[in-house]
Amino acid sequence: MTDKTTETIPIPGPPGLPLVGNAFAFDSDLPLRTFQDFAEEYGEIYRLNLPSGTTVVVSSQALIHELFDDTRFRKPVAAALAEIRNGVNDGLFTAREEETNWGVAHRILMPAFGPASIQGMFTEMHEIASQLALKWARHGPDAPIMVTDDFTRLTLDTLALCTMNFRFNSYYHDELHPFISAMGDFLTESGARAMRPAIASIFHQSAARKYWEDIEVLRKTAQGVLDTRRRHATGRKDLLSAMLDGVDPKTGQKLSDSSIIDNLITFLIAGHETTSGLLSFTFYLLIKHRDAYKKAQEEVDSVIGKGPIKVEHIKKLPYIAAVLRESLRLCPTIPMIGRQAKQDEVIGGKYHVEKDQRFAVLLAQAHLDPVVYGDTARDFIPERMLDGNFERLMKEYPDCWKPFGTGMRACIGRPFAWQEAVLVMAMLLQNFDFVLHDPNYTLHYKQTLTTKPKDFYMRAILRDGLTATELEHRLAGDVASTAKLNGNSKPTAQKSSPREGKPMSIFYGSNTGTCESLAQRLASDAASHGYAASVVEPLDTATQRLPTDRPVVIITASFEGEPPDNAAKFCSWLKSLKDNELHGVSYAVFGCGHHDWTQTFHHVPKLVDQTMTDCGASPICDKGLTDVAEGNMFTDFEQWEDDVFWPAMEARYGTTVEVAENDDAVNPDSLDIQFSSPRSSTLRQDVKEATVVEEKVLTAPGAPPKKHIEIQLPEGITYNVGDYLAVLPVNSKDSINRVMRHFKLSWDSHITIGSDRWTSLPTGTPVPVYDVLGSYVELSQPATKRGILRLAAAAEDEATKLQLQKLASDSYASEINLKRASILDLLDRFPSISLPFGTFLSLLPPIRPRQYSISSSPLNNPTRATLTYSLVDAPSLANPSRRYMGVATSYLSSLVEGDKLLVSVRASHTAFRLPEEAKVAETPIICVGAGSGLAPFRGFIQERALRLAGGSQLAPALLFFGCRGPEMDDLYHDELKKWQELGAVDVRRAYSRVSSEDTEARGCKHVQDRLWHDREEVKRLWDSGARVYVCGTRLVGEGVKNVMGKIVLGQENVTEESVTEWYKGVRNDRYATDVFD
């Protein structure tokens, strides 16, 4: 009650406009952001003038505690809630307190949410959660999961089944149920209608029509649920039976059909939308905070183990509960709730408010109150929400955490939602590991009346070596399957009729596909040594589950000192281990690296090897290393296999003698081939089908060709500017025809491949030879030493044998590796070799995707990406009478509009990205590229141009671009000129074949020359915080690094050591490179 003697002060607030007040100040997509921005500006309380009246917004624990006093304040049904009444009338959450139906419904339905009733719903909750888990398992570890959509399916189906015995069967349909989209649009438009003045309705007539159509969908759906129950009465006791049969103990009334419809819609909306958001936010926060993720998963493993989850487990998971509480604190799915003064009041001891004044309680801001949560208020720290700490907080700061509302109008379904959320968290963490689909994703919000993450995709990787079938048995409580432990999953490629061998597990870390190919080669070779590779999987799948009952081989690359995307989680876990935690693990490591990254050369494989030894694991042999810059990775790997790894394996474990004795002495790895006529084909699973929209040549006739291709991405695939597009190529017709002619195969020949060892080739079904040669194997890969020796063994004359043996030893570097001589080249060169076709296939590595920098911005069109590439076409060094054609570039060059290709988006290094949005106005950029190295920078500049056109303020950008000359290959010249006029970039060119000072190149031949020419401006931008990006060959990268070192250090004669030391300090921070050969 107001104290007349209290001195009060005005409530601050933003100025408004006539008639509409502050309505136009709001972000239409995310009004919550505007509320929070005002809270940051005006503090714990401010006043807004809206078309629906004045609203006072509060966001501190102290003020909210006052507003939650039910003797002074009540829940209003106004603004958006008043609009929602158009669809649900006086349902439980939208009824006014004086309306009879609220009390009747509340008293009838409360028993349906009692503890015994909720526990009785556990089995059906478990069934729907199992449907979700099995869907993710069957889609595989590479499938992107649209998190909010799948959790929405989960919570809608769970609520409908548990409380109404109605099945939406959302996981059996590709599209979400119409109820869901109608509900989302209905809630969004309800909020928008509350913000618009009445006169504005004439401008939104189509939205109004859609609004009432959505309401009709909601009411028809609820009517269908009600009709189904009446047609199929079962005597079941649940929420719907309470609505149908319940009698209010106070008034003796029952709910009318109209009131049942209102409340069915209310529960279907409120009961699933908020829990879906909670689970989505929680998984995002856990994935981004690996320590908390690890603790949550360890708690599940400790309490539940590998057996089925039971209802009694729910209350034995305090850390999971703390994670959910902390998620609701940081990301409340109902970000604000309403209150209203019952009489004139003074709040906070100084703010006068009149009777019936409406308040918006901004929970999203109040949950960040530093008075309650201190300096870490914005940090995700589940420990603060553990039972003891949580109780202390709630006692010391009452109403500091209120995601479920307050008082008698608080969420009636809280126990239901809590049991469902804990069950789902436990089931998913027990059986999967999760990673972001885009490692660089940051949280964005989607708001209706509730909030959810926007565009949040993750991937689910089965734990414990489970298959989807085995998970199905585990979830059903099959004891045999739940006893299955690490290391027993099947390999990802096909096998048929495997020979028995000692088991081994192979894990790889690979971005470009090289280490994956090496892992597949090792799995293929294992059979001839008496072993069977039961696991060939990404390294992240080995996190927390390295087997101790078999040897483990880890093959991983290192990218500027960072692990590959599918090994990052494993490396993070490895670094968290303590002494002797890997006791019993026996392992070997082979690593790939690039010597251009001198300071971090082989950093990741060395880290893995040393850390595993430090943690008690036992190395089988010395680690193997290769430098991919030298191009000998397959040969280096085979040499490590033959000379180091397999001898050490035999010494430690022995071999399976029966297998060794049954091998063909001359041709142990040959494939069994049967020719037939039916036609079929298969597609790779790690890429999806895209469509060519446009392709064109960018260079003048006579200049080395460079081309542009625009691609319509597969549905659901997104990218960020600077990312890569991985393309799975097809070998050229010329290469395929050479093989067909050599082995005298007709163009329509089919083969059925049978293999008694691991292979990445399709087995057990007839496939066209043309498809196998085109789509499954590398025909142009330089022959390895082992492969050459296999050819020598098949040669029919001694002279050929001796020549091949020499090529496999002293002459290998100069005659094979340098000239890129393939197995096919050697067969052409030595026609006396009599090689079975099956042996030929066994000598070829599986074809792998090639990565290209995307040369467009998703702001231009998020569904399309462009590539800019140089066509590799030169005389073959191995056979000058032939042309050497790049496999992927010749494939891309053969495509025309409408053609299909297989692609996937892969994230670039985090350093190779434009400055984050908050810093674009203050961080200049300097981009340096030559030839097709312009590709990522075209995307950068296109994005800057679009941002400028949208009104953004940007810091300066310099682009240093090198090519032959203005009439030859000055790529995208007109486009860059247009963007330069807009202010998005200042282009500085270098022409290697034109020396005139009158050209745009100022007489500079190379980009490093132009950098030095413009050094004063470069130095000025660097000193103001510029970031440098370099894309090109190794020679370009090295030259630019040296010149930039001289410019920044201010010394033309600076030493190489000084440049190296400077580069170490800025690499992957302010200086990012993307070099290629």
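Visitor: Lys and Arg count as positive here, and Asp and Glu as negative; how far apart are the mean positions of the positive and negative charges of the protein chain?

Guide: This is a predicted model, and its protein chain carries 118 positive and 140 negative charges. When the positions of each set are averaged, the separation between the two means is 2 Å.

Visitor: How does the radius of gyration of the protein chain stand against the globule rule?

Guide: The chain is built from 38 helices and 34 strands. For its 1077 residues the globule rule gives 31 Å, and the radius of gyration is close to that value, so the chain is as compact as a globular protein of that length. Its C-alpha trace spans about 110 × 75 × 55 Å along the principal axes, and the radius of gyration itself is 33 Å.

Visitor: What percentage of the residues of the protein chain count as buried?

Guide: The protein chain exposes about 44500 Å², of which carbon and sulfur atoms supply 50%. A residue is called buried when its relative accessible area is under 20%, and among the 1077 residues the share that meets this cut-off is 57%.

Visitor: Is E710 buried or exposed?

Guide: E710 belongs to strand β21, which covers residues 706-712. Leaving aside neighbours within four places in sequence, its contacts are T691, V692, V693, E694, R864, A865 and T866. Because its relative accessible area is 16% and the cut-off is under 20%, E710 counts as buried.

Visitor: How far apart are the C-alpha atoms of R790 and T839?

Guide: R790 sits in helix α27, made of residues 785-794, and is buried with a relative accessible area of 12%. Along the chain R790 and T839 are 49 residues apart, yet the separation of their C-alpha atoms is 8.9 Å.

Visitor: How far apart are the end C-alpha atoms of helix α8?

Guide: Helix α8 runs over residues 178-195, and its buried residues include F179, I180, M183, F186 and L187. At 1.5 Å a residue, these 18 residues should span 26 Å, and the model agrees with that expectation, since the end C-alpha atoms are separated by 26 Å.

Visitor: Which residue just after α1 takes a positive phi?

Guide: Helix α1 comprises residues 31-42, and its 12 residues should span 16 Å, which agrees with the 17 Å between its end C-alpha atoms. The buried residues of α1 are L32, T34, F35, Q36, F38 and A39. Just after this helix, a positive phi of about 100° is taken by G43.

Notes
Residues numbered from 1 in each chain as written. Predicted model: local features only at pLDDT ≥ 70, side-chain atom pairs only at ≥ 80, totals over all residues. Heavy atoms only, no water. Helix = DSSP H or I, 4+ residues; strand = E, 2+ residues; numbered from the N terminus. Expected span 1.5 Å × (residues − 1). Buried < 20%, exposed > 50% of the residue type's maximum accessible area, 1.4 Å probe, protein only. Rg over C-alpha atoms; globule rule 2.2 N^0.38 Å. Areas by Shrake-Rupley, 256 points an atom, 1.4 Å probe, with all protein chains shown as cover. Lys, Arg positive; Asp, Glu negative; His and termini not counted. Charge placed at Lys NZ, Arg CZ, Asp CG, Glu CD. Contact = heavy atoms within 4.5 Å.
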